[in-house]
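Got a new structure to look at? Let's walk through it in a few questions and answers.

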Amino acid sequence: MIYFDHAATSLPKPPAVGKAMLQALDTFGGAGRGGHPAALAASRCIYKARKAIAALLGSAPERTVFTSNATESLNLAIAGILTPKDHVITTALEHNSVLRPLYRLCSRGMELSVVDIDPLGNLDYDGFARALRPNTRAVICTHASNLTGTLVDLERVSAFCRKHGLLLVVDASQTAGVFPLNGNEMGIDALCFT
């Protein structure tokens, strides 16, 4: 079998994942819900995971938030930073987990510009400058398309955002842990991944 959806983290999982999950089910209490040893062990494990993820992706443990999945993370970031008065720039490479909340905000008055791609799937980076408006608040983009595999030059997009004082939200569901990513060095304000 050839499995093409590996970045979604559903299959295949290393045996250590199942072993760790079983150990957690058998020994951990509710993290943050008590001071007994099982609850404290769960809290310590979660903090250890925050530290590991922060080290891998160039962040800080206290800025690492766990959600159910990347869709929830992206929805949380998008709904948390944007208002109906804002303008947002996104790309034609985006997944529905980005587009649906953006379209929902558009129905409430937010403005949206979509940077296009060429026939080969390459992003038109000059399109970001053409889309810029006085009320542009953020750029929301994928690091790699889940359909075409097109890899976005995040350093170039980040430089544009920094030059214009814009927030940068990145969907790294296809790339986190596979391609080098450093949120602090790359100027990413919210890095969402599976």
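Q: Which residue follows α2, and what is its phi?
A: Keep in mind that this is a predicted model. Right after α2 comes a residue with a positive phi. That residue is G58, and its phi is near 65 degrees.

Q: How far does α2 reach from its first C-alpha to its last?
A: There are 21 residues in α2. At 1.5 Å a residue, 30 Å would be expected. The helix comes close to that, with a reach of 30 Å.

Q: Why do the buried residues of α2 sit on the same side?
A: The ones in question are A39, A42, A54 and L57. In an α-helix there are 3.6 residues a turn, so residues three or four places apart point the same way. Here the buried residues are on the same side of α2 because the arc they cover around the axis is only 110 degrees.

Q: Which residues are exposed on the other side of α2, and what do the buried ones pack against?
A: The buried residues of α2 pack against β5. Over on the other side, the exposed residues are P37, R44, K48, A55 and L56.

Q: Which element gives the largest share of the lining of the largest pocket?
A: That pocket holds about 1300 Å³ of space. Its lining has 38 residues, and I53, T64, V65, F66 and F193 are the closest to its centre. Elements that give two or more residues to the lining are α1, α2, α3 and β5. With 7 residues, the largest share comes from α2.

Q: How many nonpolar residues are in the lining of the largest pocket?
A: Sorted by class, the lining has 11 polar and 4 charged residues. The nonpolar ones number 23.

Note on methods
Residues are numbered from 1 along each chain as its sequence is written. This is a predicted model: local features need pLDDT of at least 70, side-chain atom pairs count only at pLDDT 80 or more; totals for chains, interfaces and linings use all residues. Side-chain values use heavy atoms; hydrogens and water are left out. On a 1 Å grid over the protein atoms alone, a cavity is a set of points where a 1.4 Å probe fits but cannot get out, and a pocket is an open set with protein on both sides within 12 Å along at least five of seven lines; lining residues have an atom within 4 Å of a point. Grid points are joined across faces, edges and corners, and a volume is the space filled by probe spheres set on the points. Helices (H or I, at least four residues) and strands (E, at least two) are DSSP runs, numbered from the N terminus. Ala, Val, Leu, Ile, Met, Phe, Trp, Tyr, Cys and Pro count as nonpolar, Asp, Glu, Lys and Arg as charged, and the others, Gly among them, as polar. The expected span of a helix is 1.5 Å times one less than its number of residues. Buried means under 20% relative accessible area, exposed over 50%, partly exposed in between (1.4 Å probe, protein chains only). The arc is that of the directions from the helix axis to the C-beta atoms. Contact means heavy atoms within 4.5 Å.
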